[in-house]
Amino acid sequence: MTLELFKFDTCPYCQRVMNFIEQSGRTDIVYRDIHEDAGNRETLISIGGKEQVPCLFIDGQALYESMDIIAWLQEHPQGR
Ligand SMILES: N[C@@H](CCC(=O)N[C@@H](CS)C(=O)NCC(=O)O)C(=O)O
C-alpha cells in the first residue's frame, strides 16, 4: 500500500497529522510538500480536486480532513 501525505509545514492541521504519525512511530508515509514542490500541488489538485491540506493519498486515492486521516491511520496500522 502506498501512503503519501500532501502537506505544508506551517499548516496546523498538517502538524496535527504529522504529530500523530511521529508519535505512532510509523515510517510508511511519504511526505509531499505542496509549497516546496509545485508538482506536488498540481498532483493534489488534479487528483484530489482541491488544494486543501492535509490530504492522504491511499494508493493514489485522496482522503482529506485531518481527523479523518488520523482515524484511517489508526484503523490501518503499519504492516497490517
Ligand atoms: N478541516 C480541515 C482544514 C484544513 C485546512 O483548512 N487547511 C488549510 C491549510 S492550514 C488549507 O489547505 N487551506 C486551503 C484550502 O482549503 O483550499 C482539516 O482538519 O484538515
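**Exercise 1. Decide whether Asp59 is buried or exposed, and describe its backbone and surroundings.**

*Solution.* Start with the neighbour count: Asp59 has 8 C-beta neighbours inside 10 Å, so it counts as exposed. A residue is called exposed when 12 or fewer other C-beta atoms lie within 10 Å of its own. Keep in mind as you work that this is a predicted model.

Next, place the residue. Asp59 sits in the loop that links β3 and β4. Its phi is near 50°, a positive value in a residue other than glycine.

Then look for partners from elsewhere in the sequence. Once neighbours within four places are set aside, Asp59 is in contact with Met1 and Thr2. For a distance to check in your viewer, take Val30: 29 residues separate it from Asp59 along the chain, and the two C-alpha atoms are 12 Å apart.

**Exercise 2. Work out the order of the secondary structure elements and the overall dimensions of the protein.**

*Solution.* Count the elements to begin with: there are 3 helices and 4 strands. Reading from the N terminus, they follow the order β-α-β-α-β-β-α. The radius of gyration is 12 Å, close to the 12 Å that the globule rule gives for 80 residues, so the protein is as compact as a globular protein of that length.

For the extents, use the principal axes: the C-alpha trace spans about 30 × 25 × 20 Å along them. Now turn to the contacts. Of those between residues at least 6 apart in sequence, 60% join residues at least 24 apart. Finally, buried residues account for 21% of the 80 residues.

**Exercise 3. Find which residues have the most contacts inside the largest nonpolar core, and which elements supply it.**

*Solution.* The largest nonpolar core contains 13 residues, and Phe6, Val17, Val53, Cys55 and Leu56 have the most contacts inside it. Two or more residues come from each of β1 (3–7), α1 (12–24), β3 (55–58) and α3 (66–75).

Now zoom in on Cys55. Leaving out neighbours within four places in sequence, its contacts are Phe6, Leu44, Gly48, Ala62, Leu63 and Tyr64. Phe6 is thus a contact of Cys55, and both are listed among the core residues with the most contacts.

**Exercise 4. Determine how the buried residues of α3 are arranged around its axis and what they pack against.**

*Solution.* First collect the buried residues of α3, which are Ser66, Ile69 and Leu73. Viewed down the helix axis, these fall within an arc of 60°, so they line one face of the helix. That buried set packs against α1, β3 and β4 (61–64).

Then turn to the other side of α3, where Met67, Ala71, Gln74 and Glu75 are exposed. Take Gln74 as a test case: it has 10 C-beta neighbours inside 10 Å, so it counts as exposed. Its C-alpha atom is 15 Å from that of Leu5, a residue 69 places away along the chain.

For contrast, try Met18 in helix α1. Met18 has 18 C-beta neighbours inside 10 Å and therefore counts as partly exposed. The C-alpha atoms of Met18 and Gly60 are separated by 19 Å, with their positions 42 residues apart along the chain.

**Exercise 5. List the residues that surround the ligand, sort them by class, and inspect the backbone at Pro54 and Glu65.**

*Solution.* The shell consists of Cys11, Pro12, Tyr13, Lys50, Glu51, Gln52, Val53, Pro54, Glu65 and Ser66. Sorted by class, the shell has 5 nonpolar, 2 polar and 3 charged residues.

Two places in this shell deserve a look at the backbone. At one of them, a cis peptide bond joins Val53 and Pro54, with omega about 0°. Pro54 belongs to the loop between α2 (38–48) and β3.

The other is Glu65, whose phi is near 80°, a positive value in a residue other than glycine. Glu65 lies in the loop between β4 and α3, and with 15 other C-beta atoms within 10 Å it is partly exposed.

To finish, connect the exercises. Val53 surrounds the ligand together with the other shell residues and is also listed among the core residues with the most contacts. Ser66 is in the shell as well, and it is one of the buried residues of α3.

Notes. Residues are numbered from 1 along each chain as its sequence is written. This is a predicted model: local features need pLDDT of at least 70, side-chain atom pairs count only at pLDDT 80 or more; totals for chains, interfaces and linings use all residues. A nonpolar core is a set of buried Ala, Val, Leu, Ile, Met, Phe, Trp, Tyr and Cys residues joined through C-beta atoms within 7 Å. A residue is buried if 20 or more other C-beta atoms lie within 10 Å of its own, exposed if 12 or fewer, and partly exposed in between; C-beta atoms are placed from the backbone. Two residues are in contact if their C-beta atoms, placed from the backbone, lie within 7 Å. The radius of gyration is taken over C-alpha atoms; the globule rule is 2.2 Å times the number of residues to the power 0.38. The arc is that of the directions from the helix axis to the C-beta atoms. A residue is near a molecule or strand if its C-beta atom, placed from the backbone, lies within 6 Å of it. Ala, Val, Leu, Ile, Met, Phe, Trp, Tyr, Cys and Pro count as nonpolar, Asp, Glu, Lys and Arg as charged, and the others, Gly among them, as polar.
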